[in-house]
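The exercises below ask you to read aromatic pairs and ligand surroundings from a structure, each with a worked solution. Please have the sequence and the model open as you go through them.

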Amino acid sequence: MPERSIRNIVSQKEICPGHYQMVIDAPEIAAEAEMGQFLHLKWAAETNSDPLLRRPISFNEIDREHGQLIIVYRVIGRGTKLLSTLEAGDKIDLMGPLGTGFSIPEEKNNFLVVGGGMGIAPLLDLVENLLVADKEVTVLLGAEKKEQLLNLEQYQELNVNLKTATMDGSSGYQGFVTDLLADLTAIEYVYTCGPEVMMATVQEWAQENEIAGQASLEERMGCGTGACLSCVCKIKVETESGWEYQKTCTTGPIFALNEVIFDE
Amino acid sequence: MPERSIRNIVSQKEICPGHYQMVIDAPEIAAEAEMGQFLHLKWAAETNSDPLLRRPISFNEIDREHGQLIIVYRVIGRGTKLLSTLEAGDKIDLMGPLGTGFSIPEEKNNFLVVGGGMGIAPLLDLVENLLVADKEVTVLLGAEKKEQLLNLEQYQELNVNLKTATMDGSSGYQGFVTDLLADLTAIEYVYTCGPEVMMATVQEWAQENEIAGQASLEERMGCGTGACLSCVCKIKVETESGWEYQKTCTTGPIFALNEVIFDE
Amino acid sequence: MSNVNLKVDLNGLQLANPVTTASGTFGFGEEYKDYVDLNKLGAVMVKGTTLNPKQGNATPRIAETSSGMLNAIGLQNPGVDYFLKNILPETKQYDFKTIVNISGNTVEDYAKLASKLDESGVAALEINISCPNVKKGGLAFGTQPAMAAGVVEAVRQETDLPLITKLSPNVADITAIAEAVEDAGTDVISLINTLLGMKIDIQQQEPVLANKMGGLSGPAIKPVAVRMVYQVAQAVDVPLIGMGGISNAEDAVEFLLAGADAISIGTANFVNPEVSMEILAGIEDYLVENGYDSVEEIVGKAIK
Amino acid sequence: MSNVNLKVDLNGLQLANPVTTASGTFGFGEEYKDYVDLNKLGAVMVKGTTLNPKQGNATPRIAETSSGMLNAIGLQNPGVDYFLKNILPETKQYDFKTIVNISGNTVEDYAKLASKLDESGVAALEINISCPNVKKGGLAFGTQPAMAAGVVEAVRQETDLPLITKLSPNVADITAIAEAVEDAGTDVISLINTLLGMKIDIQQQEPVLANKMGGLSGPAIKPVAVRMVYQVAQAVDVPLIGMGGISNAEDAVEFLLAGADAISIGTANFVNPEVSMEILAGIEDYLVENGYDSVEEIVGKAIK
Ligand SMILES: Cc1cc2nc3c(=O)[nH]c(=O)nc-3n(C[C@H](O)[C@H](O)[C@H](O)COP(=O)(O)OP(=O)(O)OC[C@H]3O[C@@H](n4cnc5c(N)ncnc54)[C@H](O)[C@@H]3O)c2cc1C
Ligand SMILES: Cc1cc2nc3c(=O)[nH]c(=O)nc-3n(C[C@H](O)[C@H](O)[C@H](O)COP(=O)(O)OP(=O)(O)OC[C@H]3O[C@@H](n4cnc5c(N)ncnc54)[C@H](O)[C@@H]3O)c2cc1C
Ligand SMILES: Cc1cc2nc3c(=O)[nH]c(=O)nc-3n(C[C@H](O)[C@H](O)[C@H](O)COP(=O)(O)O)c2cc1C
Ligand SMILES: Cc1cc2nc3c(=O)[nH]c(=O)nc-3n(C[C@H](O)[C@H](O)[C@H](O)COP(=O)(O)O)c2cc1C
Ligand code: FES
Ligand code: FES
């Protein structure tokens with residue numbers, strides 16, 4: 001069951017320019033959390049109301065052994081900027097674990113994981129779990145430049161078929177990570193997290209190849225509890241219109257890849 | 001000329017429960033500032049707008065030698081609470097020196113200084129200046145309890161006739177500091193800073209004894225520049241109504257004691 | 001627990017305490033069961049309900065502003081029939097009073113909603129008159145006294161349930177609307193709904209919200225809400241439920257002092273899901289510390 | 001300095017750049033001379049000026065709220081004659097355009113003020129229609145289209161100076177007022193004035209402001225202001241001066257994109273006395289970075 005609590009920050013460090021890794025002490029949540037779920041965060045100062053809302057951030061790793069939650073995030077605006085000023089020993093106000101997690105279909109063996117930009121971070125835990133479940137794993141990671149390939153060293157240490165793509169060519173293939181899909185064979189299942197256009201391309205490829213999978217979505221969130229209906233995304237259903245709005249915070253953020261409607 | 005700048009905090013310490021002393025590095029301002037003037041302060045974080053306004057705080061001491069400004073303040077609400085969380089090395093956003101300072105009439109010799117509560121803090125520099133000018137000085141300080149007699153040790157080290165009054169009797173006379181006025185003789189000039197009722201009593205006593213003086217007033221401030229007209233106080237003038245609103249931030253905060261109209 | 005009497009009587013609608021949660025911000029209550037002891041809430045105003053299911057607006061539906069947020073959810077809801085069949089039975093397991101916030105595009109919509117909900121066992125109806133009147137060119141019902149009264153009268157004819165009319169703040173004279181809905185037979189007035197606002201993304205050079213405009217809520221609007229409660233409390237005799245930016249017990253007490261008989265918590269639930277319980281405890285503390293025996297005693301105390 | 005053209009033509013009123021300071025927040029300009037290069041400002045709207053000197057309200061006159069502040073200064077000012085004799089000569093030493101914000105309790109007050117200021121050499125008049133109309137029961141001129149138009153017509157008859165009419169946001173339909181004052185002959189519309197608000201001290205159990213209610217300004221109201229500029233820009237043809245919570249260059253650009261031809265900075269001057277210069281530089285940076293040659297090009301770009 002999700003909870004709201006105020007926790008201690010164990011460490012915070014800038015892992016590449018503008019990107020931070022924060023480790024939070026929260027054994028109860030670590031014990032319960034699943035890969036793919038997220039936290040809804042707020043700096044703990046009670047004295048001001050600006051910025052007002054919480055910020056959703058996915059688990060990067062759930063360290064059950066040490067009872068710690070690891071998140072990785074990029075500084076975008078005021079909220080993440082404030083988060084980045086916190087230090088070891090400071091408090092953080094969190095709600096979690098929230099949302100649905102990734103699930104691993106037992107009957108499949110050959111898995112593909114495609115991450116782009118910040119979308120790389122929430123996939124690390126998934127990949128580790130796939131390996132624990134003894135699956136074959138291909139990982140495609142894409143970013144603007146090499147230093148933004150988050151967790152690259154950790155991915156490199158794992159027993160996976162790893163390929164990278166960068167727009168400036170500083171690591172791996174130069175161009176879109178989705179260009180690397182063409183070369184793949186034998187994939188039975190795919191997971192993806194990243195920019196919408198990337199996930200839409202992965203979806204198209206998966207449909208063409210009749211491969212099922214899961215996608216992790218992002219939407220602006222108010223409550224994180226399913227109450228406010230701000231975070232909805234379009235999901236295919238068998239109604240007249242063919243789709244309905246579902247909540248990213250509770251029904252998601254993980255959805256069946258073929259059911260997501262990526263607009264634009 | 002007043003300026004706005006972002007300065008370094010040299011030190012901050014809690015001098016008694018809920019009361020803080022902050023030392024700010026600002027040589028240009030220290031060189032120019034006069035006793036009785038004030039700073040208009042804001043924590044330097046640029047990312048949020050709540051709390052919104054600056055907070056006016058008087059100089060406690062102006063340390064020209066080290067180029068430092070010393071302020072002493074009590075935590076009242078959200079603004080002073082935030083100020084109290086700042087540490088040596090942090091930045092502070094200030095406007096100053098603002099307002100009029102105390103002036104010392106050369107022809108007088110026997111001075112009285114009456115401070116109550118937080119009003120004790122802005123008087124320390126004045127007393128030191130009176131002594132430098134070779135004046136006889138009587139100081140009456142009042143507070144709830146001994147620990148709230150700010151700067152007491154510093155006052156005790158000075159060559160003044162010092163009397164204290166506390167409501168709980170923990171230092172000096174038990175009761176209102178203004179009760180001590182009755183025993184005074186030969187005073188030629190009086191300065192006062194503190195709660196309105198206290199200053200009103202000092203004013204009454206001064207009028208009865210035909211003694212001139214100066215009072216330091218407090219009003220809620222917006223701009224600190226004389227533009228917004230939020231900080232006005234009632235000052236006697238020779239118009240039909242007998243008074244007009246004058247700005248505490250520019251015409252004050254130091255006013256001729258007999259000209260102030262203390263309402264209520 | 002103290003001996004303070006927290007009970008509130010809103011013209012016959014009895015609440016265990018003055019703390020309620022605002023429509024659209026607390027789902028149907030259950031969404032907060034992990035954070036709040038729902039049985040301790042005075043009432044839950046459920047999400048705005050319409051005759052037919054509504055998909056709502058495209059996303060982005062919310063945007064953060066200074067000490068506030070904009071929303072343009074577009075009344076996404078499963079419709080009144082689904083509510084009665086699938087949701088109401090669930091909410092009945094809790095002690096809180098379920099108050100249904102109803103929304104329509106015509107007077108007839110409101111009347112039909114009222115008749116459907118009449119014998120359902122809900123505690124009261126909250127009439128949201130901030131909706132655009134499609135027959136009158138989209139002007140919100142809540143901006144014209146006569147139109148607002150028309151809605152209340154139509155609903156009154158269909159039900160004996162306690163009626164709460166929720167006022168829009170986007171008007172020049174809130175007391176005129178309040179008086180009109182009082183005359184039309186509302187039992188209670190709740191206020192305020194959101195202020196109409198907008199935010200523009202300067203990189204995209206277009207409004208942040210897909211719907212362009214949205215409703216501003218949160219601490220930013222509290223001064224406007226307190227002012228309106230204070231004005232309306234002096235203009236009408238029916239009890240008031242005050243809301244708009246309430247984030248802690250001090251804010252709640254401010255509304256009670258301004259003349260609200262009960263309060264409702266909206267946006268603050270998003271910021272701190274446990275806030276309703278903290279506010280309930282804080283109101284009690286305030287009463288105890290200041291020597292009061294009941295909430296009632298402080299209602300309207302700031303009106304001189 | 002870039003080659004970007006910052007000049008603004010407001011229906012004949014020429015400003016060197018779109019940055020002005022809002023009435024009541026910048027004194028007569030000189031108050032900020034230690035912090036701002038006054039010669040670089042587009043214009044200064046001076047403190048609301050009345051026929052006779054006014055003492056204003058009792059204190060406290062301001063209160064802080066979440067990301068905002070309330071003020072009830074009560075139009076303290078030395079009166080128009082004193083202004084003309086003692087203040088205007090001082091402001092003339094600077095390059096900024098002096099715009100006089102005029103306030104009255106009757107239509108005649110406004111007309112008299114206009115005739116006194118007509119040949120004084122001020123750059124324009126800003127008609128503050130948020131004042132209560134004493135002849136019509138104290139309802140603000142700015143809340144009724146016909147009353148607002150009446151003021152503008154009366155002023156128009158007395159002067160050929162450019163007229164800016166400043167709208168109150170405390171209305172249901174801001175476009176109706178805007179259209180009325182456009183028809184009545186205003187050259188420019190400025191918006192928004194403050195939202196009516198209130199704060200209560202829960203220890204004293206009374207309003208914080210001596211005047212009880214006051215005007216809400218600052219970042220809290222920005223979404224309401226942007227929305228109104230966006231609506232009015234589509235309803236009228238006269239140029240707009242947008243204001244309400246502008247605290248940095250991004251905010252200023254937001255107003256320009258929403259349809260304001262120039263912007264005015266109010267409360268933010270209190271928070272950072274140097275902010276007007278930072279905003280001026282920031283607008284220029286935005287234009288350069290995004291490849292524009294003039295301010296004009298981005299006015300109203302967010303309107304689709
Ligand atoms: C389920 C979920 C998981 C996420 N996990 C991560 C993660 O692991 N690492 C990471 O760096 N980012 C993650 N994000 C995105 C992250 O929430 C945003 O980058 C962050 O909210 C931006 O806040 P800000 O104050 O810096 O930006 P601002 O632009 O100032 O934020 C303004 C408002 O918009 C919202 N917002 C802005 N961008 C986004 C976005 N992309 N998604 C949702 N809301 C947004 C903010 O929450 C806030 O309410 C996740 C988002 C979701 C929904
Ligand atoms: C010229 C001048 C000199 C001062 N010098 C000192 C000093 O040396 N030491 C000290 O401790 N205090 C001093 N004060 C009082 C100090 O400014 C207030 O205690 C402080 O502003 C309270 O802010 P807050 O956020 O903690 O309280 P809040 O109550 O949260 O403040 C809310 C608003 O009210 C204003 N406010 C509240 N109390 C006062 C007050 N007493 N005077 C003016 N504005 C107030 C705040 O500035 C703010 O705008 C001085 C005030 C003035 C006008
Ligand atoms: C996301 C969201 C959805 C809302 N939906 C409704 C609604 O369906 N019906 C309604 O009457 N008010 C609705 N409101 C308005 C709130 O009930 C409340 O009146 C307003 O937000 C002011 O209170 P607050 O500042 O505490 O949030 C909604 C508000 C928000 C933030
Ligand atoms: C202290 C203060 C005094 C004001 N006085 C006037 C005035 O005399 N005339 C007027 O038209 N507007 C007056 N205003 C309103 C401002 O000019 C401006 O319209 C409003 O504050 C919104 O802008 P802001 O949020 O940037 O402050 C005043 C505002 C403040 C804060
Ligand atoms: S964030 Fe509120 S429903 Fe998802
Ligand atoms: S604080 Fe603005 S005039 Fe004094």
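**Exercise 1. Determine how many aromatic pairs there are over all chains, and classify the pair of Trp243(A) and Tyr245(A).**

Solution. A search of the whole structure, which is a predicted model, gives 22 aromatic pairs over all chains, where rings of Phe, Tyr and Trp (its six-membered ring) pair if their centres lie within 6.5 Å, and planes under 30 degrees apart count as stacked, over 60 as edge-to-face and the rest as tilted. The ring centres of Trp243(A) and Tyr245(A) are 4.9 Å apart and the planes stand at 75°, so this pair is edge-to-face. Tyr245(A) has a relative accessible area of 10%, which means that Tyr245(A) is buried (under 20% relative accessible area, with exposed over 50% and partly exposed in between; 1.4 Å probe, protein chains only).

In chain B, Tyr189(B) and Tyr191(B) also form an edge-to-face pair, with 5.3 Å from centre to centre and 65° between the planes, and both Tyr189(B) and Tyr191(B) are buried.

As for the conventions, residues are numbered from 1 along each chain as its sequence is written, while chains are lettered from A and ligands numbered from 1 in the order in which they are written. Local features need pLDDT of at least 70, side-chain atom pairs count only at pLDDT 80 or more, totals for chains, interfaces and linings use all residues, and side-chain values use heavy atoms, with hydrogens and water left out.

**Exercise 2. Describe the surroundings of ligand 1, from single contacts to the whole shell.**

Solution. Begin with the 20 residues around ligand 1 (those with a heavy atom within 4 Å of it), of which Arg55(A), Pro56(A), Gly77(A), Gly79(A) and Thr80(A) come nearest.

Next, list polar contacts, that is, pairs of N or O atoms within 3.5 Å. Polar side-chain atoms of Arg55(A) and Arg220(A) lie 2.6 Å and 3.0 Å, respectively, from an oxygen atom of ligand 1, and a backbone N or O atom of Arg78(A) lies 3.4 Å from an oxygen atom of ligand 1. The protein covers 87% of the 820 Å² of accessible area (Shrake-Rupley method, 1.4 Å probe) that ligand 1 has on its own.

Finally, consider the elements: strand E4 (55–58), strand E6 (68–74) and helix H2 (78–84) of chain A each give two or more residues to the shell (helices are DSSP runs, H or I, of at least four residues, and strands, E, of at least two), and E4(A) gives the most, with four residues.

Technical notes: A polar contact is a pair of N or O atoms within 3.5 Å; within protein, one must be able to donate a hydrogen and the other to accept it, and residues adjacent in sequence count only if both atoms are side-chain atoms.
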